[in-house]
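Ready to work through a few exercises? Have a go at each task yourself before reading the solution under it.

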Amino acid sequence: MSVSVQREDFDIAAEMARLTAADRDIGAVVSFTGLVREMTAEGPIAAMELEHYPGMTERALEAIVAEARGRWPLQGVRVIHRYGPLAPGDRIVLVLTASRHRQAAFEAAEFLMDYLKTRAPFWKKQTRGAESRWVDARETDDSAAGRWKG
Amino acid sequence: MRVLYFAWLRERIGAAAEEIDPGDAATAGDLVARLSAAEPRYAAAFADMAAVRVAVDQEMGDLATPIAGAREVAFFPPVTGG
């Protein structure tokens with residue numbers, strides 16, 4: 001199982017151990033963890049809610065993982081994305097990539113995050129005091145995903 | 001046909017999912033026009049279509065995507081995960 005969409009937190013060390021346990025050819029594991037940032041341009045947030053599209057979210061993440069596996073020689077991939085209520089400092093997303101040499105793992109992890117941000121159906125709602133607001137999609141995310149084309 | 005709404009589209013329409021008879025709507029865009037003509041809450045939610053994304057049977061599409069035979073059509077804002 002390479003993709004999980006879950007409410008619960010995850011254990012990075014345990015996930016990394018599981019990913020690398022069976023394969024002694026792995027020479028590099030890259031780990032990316034996304035956290036809920038407290039400070040935003042509109043001020044500090046008190047809480048965040050992540051909505052997703054059950055079914056399609058898993059399919060979209062699996063398609064992105066398959067695309068990464070087609071582009072780089074990877075020994076293993078693990079993606080965990082949380083949904084539901086989150087607080088500043090909480091972990092949101094984990095991407096692990098394992099390969100023989102570091103370049104493939106580094107590049108694939110970055111690719112997975114860039115594509116996930118523009119293709120996986122998740123929506124963030126931030127709460128500041130009494131006000132809650134949906135986060136706008138960032139054009140910088142589209143341009144980051146665009147650099148992998150071609 | 002099952003129609004799903006997410007994030008602020010869900011809030012503005014006041015429903016997460018509903019069964020809708022697509023009538024003679026051939027594309028996702030036709031379905032938007034049909035809903036918008038039926039009730040003001042849809043017209044308000046779909047007022048700015050540049051801010052609306054479409055998935056047909058859980059695959060990303062657009063307003064021109066055919067919906068004939070589809071089980072599920074979803075409307076949502078641009079995604080903000082990660």
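**Exercise 1. Check whether the length of helix H3(A) agrees with its 18 residues.**

Keep in mind that this is a predicted model.

- Step 1: count 1.5 Å a residue, using one less than the number of residues. For the 18 residues of H3(A), the expected span is therefore 26 Å.
- Step 2: look at the two end C-alpha atoms of H3(A), which are 26 Å apart.
- Step 3: put the two side by side, and they agree.

**Exercise 2. Find the buried residues of H3(A) and say what they pack against.**

- Step 1: a residue counts as buried if 20 or more other C-beta atoms lie within 10 Å of its own.
- Step 2: go along H3(A) and pick out Ala104(A), Ala105(A), Ala108(A), Ala109(A), Phe111(A), Leu112(A), Asp114(A), Tyr115(A), Leu116(A), Lys117(A) and Thr118(A).
- Step 3: see what these buried residues pack against: in chain A, that's strands E2 (28-35), E6 (74-82) and E8 (91-99), along with helices H2 and H4.

**Exercise 3. Describe how H3(A) and H4(A) pack.**

- Step 1: locate the pair, with H3 at residues 102-119 and H4 at residues 139-146 of chain A.
- Step 2: take the geometry: the angle is about 130 degrees and the axes are 8 Å apart. That angle makes H3(A) oblique to H4(A).
- Step 3: add the handedness, as H3(A) passes H4(A) in a left-handed crossing.
- Step 4: list who meets whom. From H3(A) come Asp114(A), Tyr115(A), Lys117(A) and Thr118(A), and they meet Asp141(A), Asp142(A), Ala144(A) and Ala145(A) of H4(A).
- Step 5: sort this contact by class, which gives four charged, three nonpolar and one polar residue.

**Exercise 4. Work out which parts of chain A touch chain B.**

- Step 1: start with the counts: 20 residues of chain A are in contact with 13 residues of chain B.
- Step 2: on the chain A side, H2 (56-71), H3 and strand E9 (122-128) each supply at least two residues. H3(A) gives the most, with four.
- Step 3: split that side of chain A by class, and you get twelve nonpolar, four polar and four charged residues.

**Exercise 5. Is Arg82(A) buried or exposed?**

- Step 1: find Arg82(A) in strand E6 of chain A.
- Step 2: count the other C-beta atoms within 10 Å of Arg82(A); there are 24, so Arg82(A) is buried.
- Step 3: name its contacts. Skipping neighbours within four places in sequence, Arg82(A) touches Gln6(A), Arg7(A), Leu50(A), Arg91(A) and Ile92(A).
- Step 4: look back along the chain to Trp72(A), ten residues away; the C-alpha atoms of Trp72(A) and Arg82(A) are 26 Å apart.

Methods: Residues numbered from 1 in each chain as written. Chains lettered and ligands numbered in written order. Predicted model: local features only at pLDDT ≥ 70, side-chain atom pairs only at ≥ 80, totals over all residues. Axes fitted to C-alpha atoms, helices over the stretch in contact; angles between N-to-C directions. Parallel < 35°, antiparallel > 145°, perpendicular 65-115°, else oblique. Left-handed = near helix turned anticlockwise from the far one by under 90°. Contact = placed C-beta atoms within 7 Å. Nonpolar A, V, L, I, M, F, W, Y, C, P; charged D, E, K, R; others polar. Buried ≥ 20, exposed ≤ 12 C-beta atoms within 10 Å, placed from the backbone.
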